[in-house]
Amino acid sequence: MTVLSPHLLPAGVREALIAETAGLDSLDAWPHRSLQCLARHSLLGAAIPAEFGGRPLSPVESVEWHVALSEACLVTAFVLSQRDAACHRIALSSSSELKSSLFPRLARGDAFATVGISHLSTSRQHCGTPAVRAIPTDDGYRLDGSIPWVSGARYADEIVVGGTLADGTQILGLTPRTVRGLAVGPSQELMALSSSHTASIELRDVFVPNDRILAGPVAGVMKQGPAGTGSLTTSALAVGSASSSVNRLLGEASRRPDLEPIAAALAMERDEIFHDMREAAAWDAIPPKTIEQLRQRANSLVLRAAQASLAACKGAGYVRGHPAERGVREAMFFLVWSCPQPVVSAALREFACVDGLT
Ligand SMILES: Cc1cc2nc3c(=O)[nH]c(=O)nc-3n(C[C@H](O)[C@H](O)[C@H](O)COP(=O)(O)OP(=O)(O)OC[C@H]3O[C@@H](n4cnc5c(N)ncnc54)[C@H](O)[C@@H]3O)c2cc1C
C-alpha cells in the first residue's frame, strides 16, 4: 500500500479520519468529529491567508493535501473543499472586515461556510432564465430564486451565493444561513456522500448589503480568480478516492498473485497522474486544456479502480457497507460533481468506445 503525501496528513489524523469514514454514509451523520480532529491539529487553514490565522499551502502542496485527505475520507475531503471554495471567494474579495471577522473562526473550526454557486457555471445552464435573480438597490442587492446544490447547507454559518442581474452580469455575495428569506431544503439522500448534507436553498427577497458582495457585477463571475470550475482540486479528490481503491486492490493482490499485474498497472497509473498533477501545479499558469485532461484521466482512473477493487473483492465486496461497494458509489460522484462539459463528453465517449480520451 502507498500512502500519498504522508507529510501533510500526519498518521494519527489519517487513522482518525479512516476510523470515522465508515460511519459517514447516511443522512444521520455529518463529518463533525473529522473536522474537529483537523481543527485540533491546526489543519483547517489551507485556504485561509496567514494573517488571518490560516496556513496556506503552495499549489503543489494543495494537490498533495487534497489527495491525502480524500484517500482517507472522501466525505470529509469534499465537505472541506466546499468550505475552502467559500474561503477562496472571500479571500479574493476586497472586504478586509469580512476576512478579519470570519477567517480566524473558520481556521479554528468554530464556524463553517459553504458555496451555492454551480448555477452560475455547471448547473441549470440549459434553462432560459437564471436560477437566481439579483436586483440592485441603493445599498446592496436583493436575491430571488433557488440554488440547486449547497453541501453542508444546514451546518453553514455563512453561504457564498450567486445571482444574475437583468443585463446578464453576475455577482457573488456572502450571506448568513439565518438571514431573512433564506430557506434550506431537506438534505438529499444521494447515491453516496449523503453525509455531506447537500440541499437546495430558496431565496425570497434576500438582502445582501454591498459590504458582503464578494465579486461583481461582472460577466462570468466564476471565471474571476483562480478557484474556477475544473481546478486541480476536483481532480485531486478523484485521485485520492482512486488511490484508496488501488490500495484495497494491492491488499488483495498481496494474498492473490493473479491480481498482482492488475493492481500494479493501476498503481502505476495513479502514481503517474499524481506526478503530472503536482508538476502542473508548479507551473505559473496551468493551461485550461491541461486541467481538463487531468480531470479526464482522474475520472477515468477513479471509475476503473473502484470497479477493479469490487471485482477483486467478489460477492463480499457487493454487500452493503463493504468498502469496495462504497468505493464504486463514491467514484460515480466524479461524473456529476463540478464536471465541465468537455470532461463529461470525454467520459461518455469512453463509455461508448467512440474514440480515445482526448
Ligand atoms: C452531491 C453533490 C454535491 C454538490 N455540492 C455543491 C455545492 O456545495 N455547491 C455548488 O455550488 N454546487 C454543488 N454541486 C453541483 C455540481 O457541481 C454540478 O453543478 C451539478 O452536479 C450539475 O448537475 P445538475 O443536475 O444541476 O445539472 P443540469 O445541467 O442542471 O441538469 C439537470 C437536468 O436537466 C436536464 N438537462 C441538462 N442539460 C440539458 C440540455 N442541454 N437540454 C435539455 N435538458 C437538459 C437533464 O435532464 C438533467 O438531468 C453538487 C453536486 C452534487 C451531485
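These legends go with a set of close-up views of the predicted model shown above. Residue numbers start at 1 in each chain and follow the sequence as written. Since this is a prediction, local features need pLDDT of at least 70 and side-chain atom pairs count only at pLDDT 80 or more, while totals for chains, interfaces and linings use all residues.

**View 1. Domain 1 up against domain 2.**
The domain assignment splits the chain into domain 1 (11–108), domain 2 (113–223) and domain 3 (232–352); bounds like these come from an automatic or database domain assignment. Here we look at the first pair, domain 1 and domain 2, whose C-alpha centres sit 21 Å apart. Their contact draws 25 residues from domain 1 and 21 residues from domain 2, with two residues called in contact if their C-beta atoms, placed from the backbone, lie within 7 Å. On the domain 1 side, α4 (74–92) and α5 (96–108) are the elements that give two or more residues. Twelve residues come from α4, the largest share of that side. Helices (H or I, at least four residues) and strands (E, at least two) are DSSP runs numbered from the N terminus. Sorted by class, the domain 1 side has 17 nonpolar, four polar and four charged residues. In that sorting, Ala, Val, Leu, Ile, Met, Phe, Trp, Tyr, Cys and Pro are nonpolar, Asp, Glu, Lys and Arg are charged, and the others, Gly among them, are polar.

**View 2. Helix α3 crossing helix α7.**
The axes of α3 (residues 59–72) and α7 (residues 260–281) come within 7 Å and cross at roughly 150 degrees. Axes are lines fitted to C-alpha atoms, for helices over the stretch in contact, with angles running from 0 to 180 degrees between N-to-C directions. On the α3 side, the contact uses Pro 59, Val 60, Ser 62, Val 63, Glu 64 and Val 67. From α7 come Phe 274, Met 277, Arg 278 and Ala 281. By class, that makes seven nonpolar, one polar and two charged residues.

**View 3. Strands β2, β3, β7 and β6.**
Strands β2 (residues 132–137) and β3 (residues 140–151) run antiparallel and are joined by six bridges; strands count as paired if DSSP finds at least two bridges between them. A hairpin of two residues connects β2 to β3, and Arg 133 stands opposite Asp 144 in β3. β3 also pairs with β7 (residues 198–209), antiparallel over nine bridges, with Tyr 141 partnered by Val 208 of β7. β7 is joined to β6 (residues 182–184) as well, by three bridges in an antiparallel run. There, Leu 182 has Leu 203 of β7 as its bridge partner.

**View 4. Ser 34 and its surroundings.**
Ser 34 belongs to helix α2 (residues 32–40). Ser 34 counts as buried because 27 C-beta neighbours fall inside 10 Å. The cut-offs are 20 or more other C-beta atoms within 10 Å for buried, 12 or fewer for exposed, and in between for partly exposed, with C-beta atoms placed from the backbone. Leaving aside neighbours within four places in sequence, Ser 34 touches Leu 17, Glu 20, Cys 73 and Thr 76.

**View 5. Gly 240 in helix α6.**
Gly 240 lies in α6 (residues 232–253). Gly 240 has 28 C-beta neighbours inside 10 Å, so it counts as buried. Beyond neighbours within four places in sequence, the contacts of Gly 240 are His 66, Val 67, Ala 68, Leu 69, Ser 70, Glu 71 and Ala 77. The C-alpha atoms of Gly 240 and Ala 312 are 19 Å apart, with their positions 72 residues apart along the chain.
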